[in-house]
Amino acid sequence: MSTPSQALSGLAPRAHADKAARQLRTVLGSSLLGTTIEFYDFFIYGTAAALVFPKLFFPTFSPLAGILAAYATLAIPFLTRPLGAMVFGHYGDRLGRKKMLLLSLMVMGLSTFAIGLVPTYESIGVAAPVLVILLRLVQGFALGGEWGGATTMVIEHAPRERRGFFGTFVQLGNVVGLFISTLVFAVLPKDQLLQGGWRLPFLASIVILLVGIVIRSKVEETPVFEAMKKSEQPARMPVLEVLRHHKRAVFLAMGMRTGEIVLGWLVIGFLLTYATKTVGFTSNDVLYAILGASALGMVTFPLFGALSDRIGRRPVYLIGAVLAAVFAFPFFWLIDSKVPALFFFSIIFGYAFALGAMFAVQPAFFSETFDTEVRYTGVSLGAQLANVIGGLTPMIATSLVAWAGGKSWPISAFLAVASLVTVGCVLATRETRGSSLLAQH
């Protein structure tokens, strides 16, 4: 029988473990909600750019030029995402992850809400697309700091042996945000979109934003960051430290994202135009296919993350990159077949499996590559530099289709090359599963 002192001594570790478990749940919930808001905000613009913005903001352009102009406004914020990565990463590595995550969430949410208030070209002329472009630049700046901060926060709170699985909660924000934004446009009557219905998804984001701020404010700073501050001073210039000592890791992370980001924006940003204008499907066909893909992704992403905890980050990432490369041509053959079942299979398989295996592993894989004092900056930079390619993907793909006279083979070649770049970068990266987050690399 234990003595009172023994019983009391046993309560302290249990209380600490319970507190850590509660904090991890709060971190996971806040990161999931935060990235859901961020990606919902970003994806509703991508959908609107394909469906209605050419007519609302570029009515004087030809149909092709209007689509390219709308896709250009989709791509513009990807130019400010690396800047956001550097600014938010700098202060996140010096002052802490929590403060920057709250700030990035607020900036992203408010700029999205403001897009829903912008008058159309018919009302204020060229000032309308100019305002949209400025707000998109702000969106990109905020998102550049959000993903790296949420990733760092989750991985630094997660148990070492389950970082792959828990890291997928950040990526699930992408899937849930895609699902909700697609669902909104799928259920909105098409005849009302041009009459102002397109504004509703943007304006509704303010409600989710307020909930996200409340939850995220309850998150504590990560124990890994606090331990680093006690043992050493934070880096004075994290960006310079990353560029001086972690250039290889940044460029490898960028290359590892290339295949995933091209495939992702082909599905999310390009297919709405291609499948409706060139192949002959309806916009609802595409929206429902993306809904199915994102719904299945809610299952496959955590499974791929958990698998990486068992067999390693590199093998799982390679599975996705090789699938994307091999599937590059069949992907569009199935879409071009005009057979609905094959069309649905192509989008769902490409997103939930080929992209999923790569995307799910990134939070753990990238975070384990960088030291604590520069982790926020390093993870953000590597991810956001690749996003510049992603933002240009719909424009590139549309131009390639026009150049090829409506044929899809140049897009498949583009995806295959991007995926092979990812394969090479994964092979050049060391395995990180089980590594110490405080260890020097």
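Which residue meets R257 in a salt bridge, and what is the N to O separation? In this predicted model, the partner of R257 is E260, and the two side chains meet at 2.8 Å, N to O. Both residues belong to helix 13, which spans residues 247-279, and they are three residues apart, about one turn of the helix. R257 counts as buried, because its relative accessibility of 5% falls under the 20% limit, and E260, with a relative accessible area of 3%, is likewise buried. Elsewhere, salt bridges that share partners join R163, D309, R313 and E368 into one network.

The structure holds six salt bridges, among them the pair formed by R163 and E368, in which the closest N and O atoms are 3.0 Å apart. This pair links distant parts of the chain, since R163 lies in helix 8 (residues 163-187) whereas E368 lies in the loop between helix 17 (362-367) and helix 18 (375-403), with the two positions 205 residues apart in the numbering. Both R163 and E368 are buried. Another of the salt bridges joins the side chains of E241 and R244, at 3.2 Å from N to O. E241 and R244 both lie in helix 12 (residues 238-245), three residues apart, or about one turn of the helix. E241 is described as partly exposed because its relative accessible area is 27%, which lies between the limits of 20% and 50%, and R244 is also partly exposed, with a value of 49%.

E260 also enters the description of a residue in another helix. R81, found in helix 4 (residues 77-95), is buried yet has no salt bridge. The nearest side chain of opposite charge to R81 is that of E260, which is 8.6 Å away; this separation is beyond the 4 Å within which a side-chain nitrogen and a carboxyl oxygen must lie, and therefore the two residues are not counted as a salt bridge. The side chain of R81 is instead joined to that of Q384 by a polar contact of 2.7 Å.

Helix 4 also meets helix 5 (residues 97-115), and the axes of these two helices come within 7 Å and cross at roughly 145°. On the helix 4 side, the residues in contact are F88, Y91, G92, D93 and L95, and these meet R97, K99, M100, L103 and S104 of helix 5. By class, this contact between helix 4 and helix 5 has five nonpolar, two polar and three charged residues.

Further along helix 5 lies M106, which is partly exposed, because its relative accessible area of 38% lies between 20% and 50%. With neighbours within four places in sequence left aside, M106 is in contact with L209 and I213. The C-alpha atoms of M106 and L203, which are 97 residues apart along the chain, are separated by 14 Å.

R97 of helix 5, one of the residues that meet helix 4, is also among the contacts of E156. E156 lies in helix 7 (residues 127-157) and counts as buried, because its relative accessibility of 3% is under 20%. Beyond its neighbours within four places in sequence, E156 is in contact with R97, T222, P223, V224, F225, T372, R375 and L437. E156 and E373 are 217 residues apart in sequence, and their C-alpha atoms are 12 Å apart in space.

A further set of contacts involves helix 13, where V279 is placed. V279 is buried, with a relative accessible area of 8%, and, not counting residues up to four places away in sequence, it touches Y274, I335, D336 and K338. The C-alpha atoms of V279 and I335 are 7.7 Å apart, although 56 residues separate the two positions in sequence. K338, another of the residues touched by V279, is found in the loop between helix 15 (313-336) and helix 16 (340-359). At 54% relative accessibility K338 counts as exposed, because this value is over 50%. The phi angle of K338 is near 65°, a positive value in a residue other than glycine.

Key: Residues are numbered from 1 along each chain as its sequence is written. This is a predicted model: local features need pLDDT of at least 70, side-chain atom pairs count only at pLDDT 80 or more; totals for chains, interfaces and linings use all residues. Side-chain values use heavy atoms; hydrogens and water are left out. Helices (H or I, at least four residues) and strands (E, at least two) are DSSP runs, numbered from the N terminus. Buried means under 20% relative accessible area, exposed over 50%, partly exposed in between (1.4 Å probe, protein chains only). Lys and Arg count as positive and Asp and Glu as negative; His and the chain ends are not counted. A polar contact is a pair of N or O atoms within 3.5 Å; within protein, one must be able to donate a hydrogen and the other to accept it, and residues adjacent in sequence count only if both atoms are side-chain atoms. Axes are lines fitted to C-alpha atoms, for helices over the stretch in contact, and angles run from 0 to 180 degrees between N-to-C directions. Contact means heavy atoms within 4.5 Å. Ala, Val, Leu, Ile, Met, Phe, Trp, Tyr, Cys and Pro count as nonpolar, Asp, Glu, Lys and Arg as charged, and the others, Gly among them, as polar.
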